[in-house]
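Biologist: I would like to learn how to read a protein structure feature by feature, and I hope you will take me through one slowly.

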Amino acid sequence: SAGGGGEAFRLFHVDGAHYAEATFLDLNNAACALIDGGVVLVDDLHNLRWPGVQEGFHRFMLADPPVRRLEPFLYTGRIFLTTPGHAEAYRCAIRRVQPRVKSNKFYGVELLTAGDISISV
């Protein structure tokens with residue numbers, strides 16, 4: 001299993017306490033429990049009512065060394081992340097069904113976004 005003895009998950013949805021430390025810990029737990037190629041969704045990343053979510057997310061992304069690196073691949077109001085080596089397969093699948101999807105750089109990787117949504121770091 002991904003977490004070293006515990007249960008592993010294909011999908012992990014982070015929508016918890018909405019403060020920085022909780023978001024950071026939730027992302028670390030999700031990263032450890034995720035199977036290779038699994039997906040983590042993070043809610044409220046750019047919701048102005050919950051700035052702690054953004055802080056916790058960026059702390060996770062900038063951690064050195066990370067508990068486990070995750071790569072963002074899609075932003076739709078929620079950000080979707082997966083384990084390295086799998087993001088491009090998700091991007092290709094999304095482009096097949098949504099050819100007009102836009103693309104931005106985010107943490108040095110390609111992040112797909114809907115036409116009316118923008119994100120930057």
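Biologist: Let me begin with charged side chains: how many salt bridges does the structure hold?

Modeller: Before I answer, please keep in mind that this is a predicted model. Side chains of opposite charge can pair when their charged atoms come close. Here the structure holds six salt bridges. One of them joins the side chains of E21 and R59, with N and O 3.1 Å apart. This pair links distant parts of the chain, since E21 belongs to helix α1 and R59 to helix α2, 38 residues apart.

Biologist: Are E21 and R59 buried or exposed, or something in between?

Modeller: Burial is read from relative accessible area, where under 20% is buried, over 50% is exposed, and the range in between is partly exposed. E21 has a relative accessibility of 36%, so it counts as partly exposed, and R59, at 32%, is partly exposed because its value also falls in that range. R59 has another neighbour to look at, for it lies over the face of F24, at 4.4 Å from the ring centre.

Biologist: Which residue forms a salt bridge with E88, and where do the two partners lie?

Modeller: E88 forms a salt bridge with R91, and their closest N and O atoms are 3.0 Å apart. Both residues lie in helix α3, which covers residues 87-97, and they are three residues apart, about one turn of the helix. Their surroundings can be read from the accessibility values: E88 is partly exposed because its value is 38%, whereas R91 is buried because its relative accessible area is 3%.

Biologist: What does R95 pair with?

Modeller: The side chains of R95 and E110 meet in a salt bridge, at 2.2 Å from N to O. This pair links distant parts of the chain, with E110 in strand β6 (residues 109-113) and R95 in helix α3, 15 residues apart. Salt bridges that share partners join E71, E88, R91, R95 and E110 into one network. Within this network, R95 is partly exposed because its relative accessible area is 28%.

Biologist: Let us turn to the aromatic rings. How many aromatic pairs are there?

Modeller: The structure holds six aromatic pairs. In one of them, F57 and F106 are stacked, with 6.1 Å from centre to centre and 10 degrees between the planes. F57 sits in helix α2 and F106 in strand β5, 49 residues apart, so that the pair links distant parts of the chain when we follow the elements as DSSP assigns them. Both F57 and F106 are buried. F106 also forms an edge-to-face pair with Y107, at 5.0 Å from centre to centre and with 85 degrees between the planes. Ring pairs thus link F57, F106 and Y107 into a cluster.

Biologist: Why is F106 called buried, and why is Y107 called partly exposed?

Modeller: F106 is buried because its relative accessible area is 1%, while Y107 is partly exposed because its relative accessible area is 26%. Y107 is found in the loop between β5 and β6, and its backbone has a positive phi of about 55 degrees although it is not a glycine.

Biologist: How can I check the length of helix α2?

Modeller: One compares an expected span with the distance between the end C-alpha atoms. At 1.5 Å a residue, the 12 residues of helix α2 (residues 51-62) should span 16 Å, and the end C-alpha atoms are 17 Å apart, which agrees. The buried residues of α2 are G52, V53, G56, F57, H58, F60 and M61. What covers them includes α1, β2, β3, β4 and β5.

Biologist: What can be said about the backbone at P65 and at D44?

Modeller: A cis peptide bond joins D64 and P65, with omega about 0 degrees, and P65 lies in the loop between α2 and β3. D44 has a positive phi of about 65 degrees although it is not a glycine, and D44 is found in the loop between β2 and α2.

Biologist: Finally, how many disulfides does the structure hold?

Modeller: The structure holds zero disulfides. Among the residues whose exposure can be read, C32 is partly exposed because its value is 30%, and C92 is partly exposed because its relative accessible area is 35%.

Terms used
Residues numbered from 1 in each chain as written. Predicted model: local features only at pLDDT ≥ 70, side-chain atom pairs only at ≥ 80, totals over all residues. Heavy atoms only, no water. Helix = DSSP H or I, 4+ residues; strand = E, 2+ residues; numbered from the N terminus. Expected span 1.5 Å × (residues − 1). Buried < 20%, exposed > 50% of the residue type's maximum accessible area, 1.4 Å probe, protein only. Contact = heavy atoms within 4.5 Å. Disulfide = S-S within 2.5 Å. Salt bridge = Lys/Arg side-chain N within 4 Å of Asp/Glu carboxyl O. Phe/Tyr/Trp six-rings, centres within 6.5 Å; stacked < 30°, edge-to-face > 60°. Lys NZ or Arg CZ within 6 Å of the ring centre and 35° of its normal.
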